[in-house]
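Welcome! Have the sequence and the 3D view open side by side, and try each exercise before you read its solution.

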Amino acid sequence: MFTTIYPQLIGLCTGTLLLTSALMVWRHSLLASIRLLSVQGFALAALVAVIGVEEGEVEVILVAVLVLLVKGVALPWVLARETHATTRTDEAPRLNPTAALLTVALLTILSYVVASRLLAGIDGVSAHAAPIGLAMVLIGFLLLVTRRQAGSQLIGFLVLDNGIATVAFLTSGGVPLFLELGISLDVLLVVVILYVFAGRMRSKFGNTEIDQLRKLHD
Amino acid sequence: MSFALWIPLAIPALLALLSLLSRSPALRRLSPVASSVAVLGSGLLLVSAALADQVPTLGGGLLRADALSAYMLTVVGAVGLVSTWGGLGHDSTVPARFAGSYDALISVFLAAMSLAVLADNIGLMWAAVEATTIATAFLVGHHRTPRSLEAAWKYVILGSVGVAIALLGIVLIYAASRGTGAATLSWLVLSQADLPLDPALIRAGGALAVLGFATKAGLAPMHSWLPDAHSQAPAPVSGLMSGVLLAVALYAILRIQTITDAVIGPDFLRIMLSVGGLLSLFVAAALLIRQRDFKRMLAYSSIEHMGMMAVGAAIGAAALPAVLLYVLGHGLTKATLFVLSGRILEVEGTPKIDAVRALLVRRPGLAVPWLIAMAALIGFPPFSIFFSEVGIIVAGFSAGMGAVVGIALVLLLVIFASLTRLTVAMTIGAPGAAAPAAVAPAAVAPAAAPTGVVPVVDAGASVTLADAEPHPDVPLVPDRSAHGPMLPLILALATTAVVAFIAEPVGTLLTRAAEVLGGIQ
């Protein structure tokens, strides 16, 4: 029973991951992006759980719970608190929505091309979905480069991180549990630190635009 | 001997906790020094074990100290000791509220770096390196000025993204190891020559991992965070980042190189590292020529030396002992210089090279060690950086990489000239030249008062500040004070001066450490 719907479940989860990434590029409101990030966290946790059930490993199910708590709940909550506390600042990115979505499509194609050479040695349904993870990494970069607000850059970083996690789970069933713990903790702390810095930025400059950080140069 | 693997992790962690909870400022400020001593002590213990052909392990092989790890741990401890001990006189400007967290974060940083070099697992090492980003983020932003905030933001974003790329690479290496039956991230297993690893995955994984750690090592073109972070962080932290963080990132690159070399041959990473190294040398040369800030000058010099080490790593086996000696020499010298730069910044009140003139006449207590350390950094014998650079260049010519080494040599000469000129500008000259700069604050205060905007208190503060400075027109009394502990700096410089001449045990240790990386059979 489960083996028949397994490919469909993998497809559903990875599809949600890619869709939420693309929507984050499209939407300019920070709050909407945070909601999408939360959905993405849930999709990633579901993906891990599906892989865990398929492989019958309890450890992977535990990792799924961890992913759900960190990426689905904790991180979006931290970000949302930062955003609610201030007046809603909408993003004015460097790329217009059409160009940005076109870039997303190109990046996705690129990652399929790269992955077809790279992952030729690995079989299985999950490995076929791995290009989605690469595409998310590239979309994360796109967000990092084109966004001007501190909060949006943070979201770009998290999409990048989700992409790496997706690749990890799809190609090798994820890293060992203790490492996943360490990695999640590191990412959580980085976000908290950047959140603190964004707060300091607001109290120093009155807003969180990255473009004003250009005092230091040679 | 395996207890020596616990010490550098547990003692700094405990001391970090202590400095957070302690009410005694003396205890708090000594805790990072004690952490460094713990790391250095266990490093030396593990070195002696490595020389006796023992390889202590712990936690089912998760922690492992071969000759290379033991050597790197010693470097972490030694550079940490110079930075923290030398920096003891420095933190008078630290606001009392954050003082505890400052010292605690330095201890956490040392523990994380120790974990990174002792872990026999790429994933664990990754987590430890990322943990240092977290520990140093607040240290870089410590002064809470807009500039330090900017430096810290860039540092965290670039550092985390770089290290995230390395994680993607590590994930691919892990996926490649699935083909061997048991997926593993252990250095020891992965660097065995006859493992059936998927070449395509190892190539991509190795490239991404090296790219990611090169960001952390400050190699061009991913170096842009480095000058900002180094110039804005408190001086002891700059010393730690330059001497320890960059070195450990290079260590990660060397370990990954061992894995990829065994599977796809050395040519692939050789090209990558040569390009990165030469580009770093070029960036350093271009930006040192017209450098105005002495802390940024030191930061660009770090990029230069990391570039030279990357060139050494690209050459491979024959150059590895020189590269490892380089790590120690550069770490100790740079920690000394950053500690001194912090003191100069504190007494002179400016990071501008133009404003700090005739230091040798006015403040010989700071200028003499600064001159000696700069000589060591620029690459004068008998200091070990000279021998490392010569070793890398000779190995490069004999390995048939004459073109790369030739370009590096030309760039080194340009950097040599720039650094000499800047050092001379800071230290040598007649003290009269410094007069206009020092008088300026006193002249500004009365001028500002009549505008009425500046509160009276502010003008008063400026005047007292100007009075406190020795007025240059008054017959000059040379300031012979070193403005802080002198012993760590003397020890560091003495070590770099003699270390290249000690064949036993240093030479043996370097050879064994290089053997771990597949050098010198």
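Below are five exercises, each with a worked solution.

A note before you start: this is a predicted model, in which local features need pLDDT of at least 70, side-chain atom pairs count only at pLDDT 80 or more, and totals for chains, interfaces and linings use all residues. Residues are numbered from 1 along each chain as its sequence is written, while chains are lettered from A and ligands numbered from 1 in the order in which they are written.

**Exercise 1. Get an overview of chain B.**

Task: Find how many helices and strands chain B has, and how its domains are assigned.

Step 1. Count the secondary structure: chain B has 21 helices and two strands. Helices (H or I, at least four residues) and strands (E, at least two) are DSSP runs, numbered from the N terminus.

Step 2. Look at burial. A residue is buried if 20 or more other C-beta atoms lie within 10 Å of its own, exposed if 12 or fewer, and partly exposed in between, with C-beta atoms placed from the backbone. Of the 521 residues of chain B, 59% count as buried.

Step 3. Split the chain into domains, whose bounds come from an automatic or database domain assignment. Domain 1 of chain B covers 3-429 + 486-516, and domain 2 covers 434-485.

Step 4. See how the domains touch. Two residues are in contact if their C-beta atoms, placed from the backbone, lie within 7 Å. In chain B, 20 residues of domain 1 are in contact with eleven residues of domain 2. On the domain 1 side, the elements giving two or more residues are α3 (67-86), α13 (320-348), α14 (359-362), α15 (364-378) and α20 (487-498) of chain B.

**Exercise 2. Describe where the two chains meet.**

Task: Work out which helix gives the largest share of the side of chain B that touches chain A.

Step 1. Start with the totals: 37 residues of chain B are in contact with 33 residues of chain A.

Step 2. List the helices. On the chain B side, α5 (122-140), α6 (146-177) and α8 (199-217) each supply at least two residues. The largest share, 18 residues, comes from α6(B).

Step 3. Sort by class. Ala, Val, Leu, Ile, Met, Phe, Trp, Tyr, Cys and Pro count as nonpolar, Asp, Glu, Lys and Arg as charged, and the others, Gly among them, as polar. This side of chain B divides into 24 nonpolar, five polar and eight charged residues.

Step 4. Look again at α5(B): 18 of its 19 residues are buried, so this helix is largely enclosed by the rest of the structure.

**Exercise 3. Follow one helix and its surroundings.**

Task: Compare the span of α15(B) with the expected one, then find what covers its buried residues.

Step 1. The expected span of a helix is 1.5 Å times one less than its number of residues. With 15 residues, α15(B) reaches 20 Å from its first C-alpha to its last, close to the expected 21 Å.

Step 2. Pick out buried residues of α15(B), including Leu366(B), Trp370(B), Met374(B) and Leu377(B). Their cover includes α12 (294-315), α13, α14, α16 (384-398), α17 (402-427) and α20 of chain B.

Step 3. Move past the end of the helix: Gly379(B) follows α15(B) and has a positive phi, near 110 degrees.

**Exercise 4. Examine a helix pair.**

Task: Find the angle at which α12(B) and α16(B) pack, and the residues that meet.

Step 1. Axes are lines fitted to C-alpha atoms, for helices over the stretch in contact, and angles run from 0 to 180 degrees between N-to-C directions. The angle here is about 35 degrees, and the axes of α12(B) and α16(B) are 10 Å apart.

Step 2. Met308(B), Val311(B), Gly312(B) and Ile315(B) of α12(B) meet Glu389(B), Ile392(B), Ala395(B) and Gly396(B) of α16(B). By class, this contact has five nonpolar, two polar and one charged residues.

**Exercise 5. Spot the backbone details.**

Task: Locate the cis peptide bond that joins Pro381(B) to its partner, and say why Ala358(B) counts as buried.

Step 1. Pro381(B) and Pro382(B) are joined by a cis peptide bond with omega about 5 degrees. Pro382(B) is in the loop between α15 and α16 of chain B.

Step 2. Ala358(B), in the loop between α13 and α14 of chain B, has a positive phi near 55 degrees, though not a glycine. Ala358(B) is buried because 21 other C-beta atoms lie within 10 Å.

Step 3. His483(B) also has a positive phi, of about 55 degrees. With 17 C-beta neighbours inside 10 Å, His483(B) counts as partly exposed.
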